Amino acid sequence: MRFNFIALTTATAALALAAPAFAGDADFTLVNATGYPIAELYVAPSDSDSWGSDILGKHVINNKEAWKISFAPSNNVCKYDMRIVFEDDNSKVTWKNFDLCEINKITLSYNRSTGVTTATKE
């Protein structure tokens with residue numbers, strides 16, 4: 001009996017390590033380097049047409065502030081798009097194709113005069 005338990009535990013652990021990081025592993029830290037406070041944040045699967053609900057609620061992520069983002073990922077999805085709404089002028093900016101199964105930290109940058117968005121991923 002003891003051998004079967006050890007073999008099953010070892011096999012289960014090996015399977016867990018070999019499996020892609022899906023359910024519950026899409027959490028990440030967002031760093032605001034846009035120069036403007038972020039009032040709303042939406043994260044949706046890259047193939048989705050709907051943004052869903054604002055993740056931040058009443059919280060605002062000020063410039064140079066980091067915020068831990070936790071959410072329930074869609075079934076076996078790793079690629080996500082992100083939309084933010086700035087507090088000062090309600091403008092919306094979108095970043096695309098973040099692999100949240102692999103990324104732990106995202107630093108968002110934005111040049112309002114050119115409209116260019118960039119992101120550093122860790």
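Trainee: In which sense do strand E4 and E5 pair, and over how many bridges?

Mentor: The model is a predicted one. Strands of a sheet pair through backbone hydrogen bonds, either parallel or antiparallel. Strand E4 covers residues 79-86, and Ile84 has Val93 as its bridge partner in E5. The sense in which E4 and E5 pair is antiparallel, and the number of bridges is six.

Trainee: Which strands are the edge strands of the open sheet E2-E4-E5?

Mentor: Three strands form this open sheet, in the order E2-E4-E5, with antiparallel pairing. An edge strand here pairs on one side only, and the strands that do so are E2 and E5.

Trainee: What is the average twist from one strand to the next in that sheet?

Mentor: The open sheet has the strand order E2-E4-E5. From one strand to the next, the twist averages 20 degrees.

Trainee: Which residue forms a salt bridge with Asp81?

Mentor: Side chains of opposite charge can pair when their charged atoms come close. The closest N and O atoms of the pair are 3.8 Å apart. Asp81 lies in strand E4 and its partner in strand E5, so the pair ties together parts that are 15 residues apart in sequence. The partner of Asp81 is Lys96.

Trainee: Is Asp81 buried or exposed?

Mentor: The relative accessible area of Asp81 is 6%. Buried means under 20%, whereas Lys96, at 58%, counts as exposed. Asp81 is therefore buried.

Trainee: Which residues are linked with Asp88 in a network of salt bridges?

Mentor: One salt bridge of Asp88 has its closest N and O atoms 2.9 Å apart, and the partner is Arg112. Arg112 lies in the loop between E6 and strand E7 (116-121) and Asp88 in the loop between E4 and E5, so the pair ties together parts that are 24 residues apart in sequence. The residues linked with Asp88 in the network are Asp89 and Arg112.

Trainee: In which sense do E1 and strand E6 run?

Mentor: Strand E1 (residues 28-33) pairs with E3 in the antiparallel sense over four bridges. With strand E6 (residues 105-111), E1 is joined by five bridges, and Ala33 has Ser109 as its bridge partner there. The sense in which E1 and E6 run is parallel.

Trainee: What is the phi of Lys64?

Mentor: Most residues other than glycine have a negative phi. Lys64 lies in the loop between strand E2 (38-45) and strand E3 (66-69), and counts as exposed at 72% relative accessibility. Although Lys64 is not a glycine, its phi is positive, at about 70 degrees.

Conventions:
Residues are numbered from 1 along each chain as its sequence is written. This is a predicted model: local features need pLDDT of at least 70, side-chain atom pairs count only at pLDDT 80 or more; totals for chains, interfaces and linings use all residues. Side-chain values use heavy atoms; hydrogens and water are left out. Helices (H or I, at least four residues) and strands (E, at least two) are DSSP runs, numbered from the N terminus. Buried means under 20% relative accessible area, exposed over 50%, partly exposed in between (1.4 Å probe, protein chains only). Two strands pair if DSSP finds at least two bridges between them. Axes are lines fitted to C-alpha atoms, for helices over the stretch in contact, and angles run from 0 to 180 degrees between N-to-C directions. A salt bridge is a side-chain nitrogen of Lys or Arg within 4 Å of a carboxyl oxygen of Asp or Glu.
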